[in-house]
Amino acid sequence: MKYQAVLFDLDGTLVDSVPDIAHAANAMLKAMGRETLPLADLRNFVGKGTAVLIKRALCAQLNYIEPEPALFEQAEVFFNTFYHQSNGTQSELYPNVLSGLARLQEKGLKLGIVTNKPEHFTLPLVQKTGLAPFFDIVVSGDTCALKKPHPDQLFYACQKLGVKVENTVFIGDSLNDTQAANAANMDVLVLPYGYNEGKSVQNLTVNAIVEDISFAADWIFSQN
């Protein structure tokens with residue numbers, strides 16, 4: 001088989017977690033005496049990890065200005081507190097995620113998650129959404145020294161799974177994901193429905209754009 005393992009981004013690829021993230025971000029802003037933001041704005045702020053989301057929310061814009069360290073630390077404490085409360089309460093799997101994962105698992109492919117979300121948020125979300133039984137490894141944003149768009153997490157996942165990069169495909173939804181895969185020289189598929197900071201995925205450097213995880217499974221089987 002060409003592919004022996006499949007790695008997945010989490011937020012925007014397997015799970016629509018924006019309702020919970022937005023709730024925490026607005027609770028953070030409210031606690032700091034700031035105006036809350038529309039869900040649509042916060043959806044576009046997701047994609048580069050929690051720290052960037054907080055900074056964007058503080059500035060209320062995508063291209064944020066770096067906040068003072070003390071202000072960021074205060075915001076981070078608030079966000080973490082509120083997100084621990086909301087994480088997984090309104091998040092939902094995208095259509096055909098479970099069926100697509102089941103098909104890949106049945107074919108004997110090793111499956112992993114590679115996300116920039118910190119582990120203390122990642123593992124509860126994976127459990128609450130019923131994803132845990134499908135995955136051989138979960139690599140979070142604080143597992144390695146560097147995270148996406150750096151390729152380190154992808155290399156780490158391959159090493160732990162005992163597979164070569166050329167026998168692995170990564171599935172994501174954003175520029176961050178495709179940059180990491182391209183830097184690792186790993187094949188990559190992208191989904192059109194996730195969090196790409198409000199931009200189209202049509203111009204990303206990928207092997208294919210697939211409608212959902214079931215279509216991704218079809219593509220992988222066709223290559224194998």
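Reader: How many cavities of 30 Å³ or more does a search of the whole structure find?
Author: The model is predicted, so local features need pLDDT of at least 70 and side-chain atom pairs pLDDT 80 or more, while totals for chains, interfaces and linings use all residues. Residues are numbered from 1 along each chain as its sequence is written, and side-chain values use heavy atoms, without hydrogens and water. A cavity is a set of points on a 1 Å grid over the protein atoms alone where a 1.4 Å probe fits but cannot get out. Of such cavities with 30 Å³ or more, the search finds two.

Reader: Which residues lie nearest the centre of the largest cavity?
Author: The largest cavity has a volume (the space filled by probe spheres set on grid points joined across faces, edges and corners) of about 230 Å³. Its lining, residues with an atom within 4 Å of a point, comprises 20 residues. Nearest the centre are Asp11, Val46, Gly47, Lys48 and Gly49.

Reader: Which helices each supply at least two residues of that lining?
Author: Helices here are DSSP runs of H or I with at least four residues, and strands are runs of E with at least two, numbered from the N terminus. The helices that each supply at least two lining residues of the largest cavity are α3 (50-59), α4 (69-86) and α8 (175-183).

Reader: What is the volume of the second largest cavity?
Author: The lining of the second largest cavity includes Gly47, Lys48, Ser174 and Tyr195. The volume of this cavity is about 30 Å³.

Reader: Which are the edge strands of the open sheet?
Author: Six strands, paired in parallel (at least two DSSP bridges for each pair), follow the order β5-β4-β1-β6-β7-β8. Those pairing on one side only are β5 (137-139) and β8 (208-209).

Methods:
On a 1 Å grid over the protein atoms alone, a cavity is a set of points where a 1.4 Å probe fits but cannot get out, and a pocket is an open set with protein on both sides within 12 Å along at least five of seven lines; lining residues have an atom within 4 Å of a point.
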